[in-house]
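User: I'm new to this one and would like to know how the labels on it are earned. Could you walk me through it?

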Amino acid sequence: MILVLNKDISPQQDARLTAYLEGLGLTATRQLCQGKTILLLSGQTDRADAGILSSLPMVESVLPLADPLPLASRRSHPADTVVQVGDVFIGGGHFCLMAGPCTVESEEQLLSIARSVQAAGAQLLRGGAYKPRTSPYSFSGLREEGLALLRTARRETGLPVVSEIMSATDLPLFEDVDILQVGARNMQNYDLLRALGRCRKPVLLKRGPAATVQELLLSAEYILSGGNENVILCERGIRTFEHLIRNNLDISAVPLIKKHSHLPILIDPSHAAGIAWMVEPLAKAAIAAGADGLMIEVHNNPKEALCDGAQSLNMDQFADVMKEVKRRAAFEGKITD
Ligand code: PEP
Ligand code: MN
């Protein structure tokens, strides 16, 4: 349900309305739309009576929610969203490059990778501290120690850091993480999405391996409807009948998302392929399709990596791929630094 507010509503009336809606168990997300303030109601909307709400003096009209994506769709927000993290811009013609190890393993490992990816032109360092693993017996990350190492790398290099959060209860530990990654497995963890909607940090939302583009956008809508506008989407391959590669990169998701949403969309060619040699061709495809950036896994010694070594580029390979990526992104008219 959408409430369109009267133009001359006073701050006192506004506060009374907010308290009234909260009392009904409703959350109101505020948006400015064609000069009018609108409130998108979520929560226990079945308790909201349209007749009563439209009789309130501060309410101009009450509209049913016809659009399932009132915040994520381009209809409501024609301009591209640009997410800013320090000096880095994501979306709106900028091409963003994030790279790093799948998992933070040690200070030496992380710092050497961070320095190399920075020298090659990456703008953000990505490393997992809390790792969702398919098997409970696999290495699942250094957890708090991993976050401390990311803090060190951030201080030493100045690179903003991106790391995966798996549970809302861990949020206080992620204070020094610049972008909170929601992994593919958690794309539909709605409590986590709601909690990230209440914070204001950028969220990198990865598409689930069996999720449709509409489901990805609905998950983004959860975060947006909490008031957090800093959502970045990531296509990382979906599961198909092909078994020679880890996933299938759904390249059509890029133009589809660009058409239907204003949110930036990155491609993760590393998880899409699962094979290091395929990262470069998929990265080129991502640029040609209009993606807003890439997330690439890099390791100082891929053969010994504790997680995802087969798809990780070594530092020299990454530097070569970056040269090609920057050249092609610039050719497509993207801003690369
Ligand atoms: C990752 O980014 O290392 C990861 C686990 O990716 P995904 O959630 O896409 O599988
Ligand atoms: Mn990985």
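Analyst: Happy to. Keep in mind that this is a predicted model. Among contacts in the protein chain between residues at least 6 apart in sequence, 69% join residues at least 24 apart.

User: What counts as a contact there?

Analyst: Heavy atoms within 4.5 Å. The chain has 10 helices and 14 strands.

User: How do you know that the radius of gyration agrees with a compact globule?

Analyst: A compact globule of 337 residues would come out near 20 Å, and the protein chain has 21 Å, so the two agree. Along its principal axes, the C-alpha trace spans about 65 × 40 × 40 Å.

User: What makes Cys102, His271, Glu297 and Asp308 donors of the manganese ion (ligand 2)?

Analyst: A donor is an N, O or S atom within 2.8 Å of the metal. Cys102 offers SG, His271 NE2, Glu297 OE and Asp308 OD, and these lie 2.0 to 2.4 Å from the manganese ion (ligand 2), so they qualify under the 2.8 Å cut-off. Their spacing along the chain reads C-x168-H-x25-E-x10-D.

User: Why do you say that His271 and Glu297 tie parts of the chain together?

Analyst: His271 sits in helix H8 (residues 269–273) and Glu297 in strand S14 (residues 293–297), so the pair ties together parts that are 26 residues apart in sequence.

User: Are those two buried or exposed, and what does the word take?

Analyst: His271 and Glu297 are both buried, which means under 20% relative accessible area. Across the protein chain, buried residues make up 54% of the 337.

Terms used
Residues are numbered from 1 along each chain as its sequence is written. Chains are lettered from A and ligands numbered from 1 in the order in which they are written. This is a predicted model: local features need pLDDT of at least 70, side-chain atom pairs count only at pLDDT 80 or more; totals for chains, interfaces and linings use all residues. Side-chain values use heavy atoms; hydrogens and water are left out. Helices (H or I, at least four residues) and strands (E, at least two) are DSSP runs, numbered from the N terminus. The radius of gyration is taken over C-alpha atoms; the globule rule is 2.2 Å times the number of residues to the power 0.38. Buried means under 20% relative accessible area, exposed over 50%, partly exposed in between (1.4 Å probe, protein chains only). Donors are N, O and S atoms within 2.8 Å of the metal (3.2 Å for Na, K and Ca); water is not among the atoms, so sites may look incomplete.
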